[in-house]
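This report goes through a structure by its packing, its ligand site and one set of side-chain contacts.

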Amino acid sequence: MDERLLIQEAFAAMAQAYAPYSGFCVGAALLTAGGKIYRGCNIENAAYTPTNCAERTAFFKAVSEGEREFAAICIVGGHDGKPAGYTAPCGVCRQVMMEFCDPQRFRVILALDEEHWKEYLLKDLFPEGFGSENLQSADGCA
Ligand code: THU
């Protein structure tokens, strides 16, 4: 996959951000294992806590369409369409990635523009993450 395309898609997603309270617009482009891209933007709310991050918007769109396997996500964030440094995913979004992605293989790409980006594996951004495997040995506590 060409990182440039994923970065372009993340910027296109950022243009749809609804961020009237923070003014910080985020775009995410989520690449499925099959090569499809789902865009997501942050969607804020006057009550603040219902705000949804761009990454989770992308994941929830994809999962609700039947996707379950993912290869990479690209994230951009800033004001007025201009990146304000590298935007890393928040902890809640990392947990959502953990639910659907192999931390050893899932790539998280943080971009400033098409020439400047850096890449991590989920395992390095979210070490020892809690996942479905942690529940497999559960017998119940009641
Ligand atoms: N935000 C995201 O969309 N993704 C992140 O990983 C970090 C934060 C959004 C949420 C809120 O609308 C704004 O950025 C400021 O926190």
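## F59 and the largest core

In this predicted model, F59 touches L30, F70, I73, V96, M97, F100, C101 and F106, leaving aside residues up to four places away in sequence. The largest nonpolar core has 22 residues, and F59 is among those that touch the most other members, together with L30, F70, I73, M97, F106 and V108.

Six elements each give two or more residues to this core: strand 1 (25-32), helix 2 (54-64), strand 3 (70-79), helix 3 (91-100), strand 5 (107-111) and helix 4 (122-125). Helix 2 contributes the most, with five residues. Another core, of 15 residues, lies apart from this one; among its members are A10, A17, C25 and L31.

## Helix 2

Helix 2 is largely enclosed by the rest of the structure, because eight of its eleven residues are buried. The buried residues are A54, E55, R56, T57, A58, F59, A62 and V63. They pack against strand 1, strand 2 (37-41), strand 3 and helix 3.

An α-helix has 3.6 residues a turn, so residues three or four places apart point the same way. Just after helix 2, G66 takes a positive phi of about 100 degrees.

## Ligand site

Which residues surround the ligand? They are S22, F24, V26, N42, E44, T51, C53, A54, E55, A88, P89 and C90. By class, this shell consists of seven nonpolar, three polar and two charged residues. A54 and E55 of the shell are also among the buried residues of helix 2.

Three side chains place a polar atom by an oxygen atom of the ligand. The distance is 2.5 Å for E44, 2.7 Å for E55 and 2.9 Å for N42. On its own the ligand has 370 Å² of accessible area, of which the protein covers 78%.

## R107 and its contacts

R107 is found in strand 5, one of the elements that give two or more residues to the largest core. Its side chain makes a polar contact of 2.7 Å with the side chain of E3. A polar contact of 2.7 Å also joins the side chains of R107 and E119.

Not counting residues up to four places away in sequence, R107 touches E3, A71, A72, I73, E119, Y120 and L121. I73 appears in the contact list of F59 as well.

Definitions and conventions:
Residues are numbered from 1 along each chain as its sequence is written. This is a predicted model: local features need pLDDT of at least 70, side-chain atom pairs count only at pLDDT 80 or more; totals for chains, interfaces and linings use all residues. Side-chain values use heavy atoms; hydrogens and water are left out. A residue is near a molecule or strand if one of its heavy atoms lies within 4 Å of it. A polar contact is a pair of N or O atoms within 3.5 Å; within protein, one must be able to donate a hydrogen and the other to accept it, and residues adjacent in sequence count only if both atoms are side-chain atoms. Accessible areas come from the Shrake-Rupley method with a 1.4 Å probe; for residues, only the protein chains shown count as cover. Ala, Val, Leu, Ile, Met, Phe, Trp, Tyr, Cys and Pro count as nonpolar, Asp, Glu, Lys and Arg as charged, and the others, Gly among them, as polar. A nonpolar core is a set of buried Ala, Val, Leu, Ile, Met, Phe, Trp, Tyr and Cys residues joined through side-chain atoms within 4.5 Å. Buried means under 20% relative accessible area, exposed over 50%, partly exposed in between (1.4 Å probe, protein chains only). Helices (H or I, at least four residues) and strands (E, at least two) are DSSP runs, numbered from the N terminus. Contact means heavy atoms within 4.5 Å.
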